Amino acid sequence: MITHIEHIGIAVKSLEEAIPYYEKVLGLTCYNIEEVADQKVRTAFFKVGATKIELLEPTGPESTIAKFLEKKGEGFHHIALASDNIEKELAHAESQGVQLLDRAPRAGAEGLSIAFLHPKSTMGVLTEFCQDKQ
Ligand code: CMX
């Protein structure tokens, strides 16, 4: 079952350049900066009520975020939905004809298990399922 929006992912060229906007203009606090080697990104997190904003900076030219920035520029990248059972969400999505980017959960930031659906089969919104590792 999907319980809430865990975070919204936003692609940026530089965390150091982007963080001051979220802190000084919006008054949010960056409480965690973390590199996710598997995804080739450096992430910065801000809590906004029950959900979070995740800034994503590429760590190299082969990062999917580097490709995204080149094609589309900075901005909204993905929505992450918290689930109590990612495997079940993936199986259900696939049964409805949605293309999976991950057939099984993998390690994401903040100790979560994550898996993505292809934006071409979700009306243009890159969609991530997240689950607390138990
Ligand atoms: N949102 C919506 N559409 C997107 C997109 C996004 N974030 N990223 C790419 N696309 C679109 C592109 O515009 C392109 O569309 P067109 O064919 O109409 O031009 C199409 O998807 C294919 O894009 P591409 O540039 O050729 O890139 P790839 O196919 O190589 O990769 C994707 C796209 C979604 C498969 C890849 O980015 C991916 O696997 N993403 C999941 C993992 C990820 O994003 N990790 C970073 C975040 C990790 C974290 O949160 O910790």
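## The shell around the ligand

In this predicted model, α2 gives the most to the shell around the ligand, supplying five residues. The helix α2 covers 64-72. Two strands, β4 (51-58) and β5 (75-83), also take part. Each of these three elements supplies at least two shell residues.

The ligand has 18 residues around it. Those that come nearest are Q39, K67, K72, H77 and K120.

## Polar partners

Three lysines place side-chain atoms by oxygen atoms of the ligand. For K120, an N or O atom of the side chain is 2.7 Å from a ligand oxygen. For K67, a polar side-chain atom lies 2.8 Å from an oxygen of the ligand. For K72, the distance from a side-chain N or O atom to a ligand oxygen is 3.3 Å. On its own, the ligand has 970 Å² of accessible area, and the protein covers 74% of that.

## The pocket

Where does the ligand sit? The ligand is in the largest pocket.

## A look at Q39

Q39 is among the residues that come nearest to the ligand. Q39 belongs to a loop. That loop runs between β2 (30-36) and β3 (41-48).

Is Q39 buried or exposed? Its relative accessible area is 17%. Buried means under 20%, so Q39 counts as buried.

Q39 also has contacts beyond its sequence neighbours. Leaving out residues up to four places away in sequence, Q39 touches S63, R106, I114 and F116.

Definitions and conventions. Residues are numbered from 1 along each chain as its sequence is written. This is a predicted model: local features need pLDDT of at least 70, side-chain atom pairs count only at pLDDT 80 or more; totals for chains, interfaces and linings use all residues. Side-chain values use heavy atoms; hydrogens and water are left out. Helices (H or I, at least four residues) and strands (E, at least two) are DSSP runs, numbered from the N terminus. Buried means under 20% relative accessible area, exposed over 50%, partly exposed in between (1.4 Å probe, protein chains only). Contact means heavy atoms within 4.5 Å. A residue is near a molecule or strand if one of its heavy atoms lies within 4 Å of it. A polar contact is a pair of N or O atoms within 3.5 Å; within protein, one must be able to donate a hydrogen and the other to accept it, and residues adjacent in sequence count only if both atoms are side-chain atoms. Accessible areas come from the Shrake-Rupley method with a 1.4 Å probe; for residues, only the protein chains shown count as cover. On a 1 Å grid over the protein atoms alone, a cavity is a set of points where a 1.4 Å probe fits but cannot get out, and a pocket is an open set with protein on both sides within 12 Å along at least five of seven lines; lining residues have an atom within 4 Å of a point. A molecule sits in a cavity or pocket if more than half of its atoms lie within 2 Å of its grid points.
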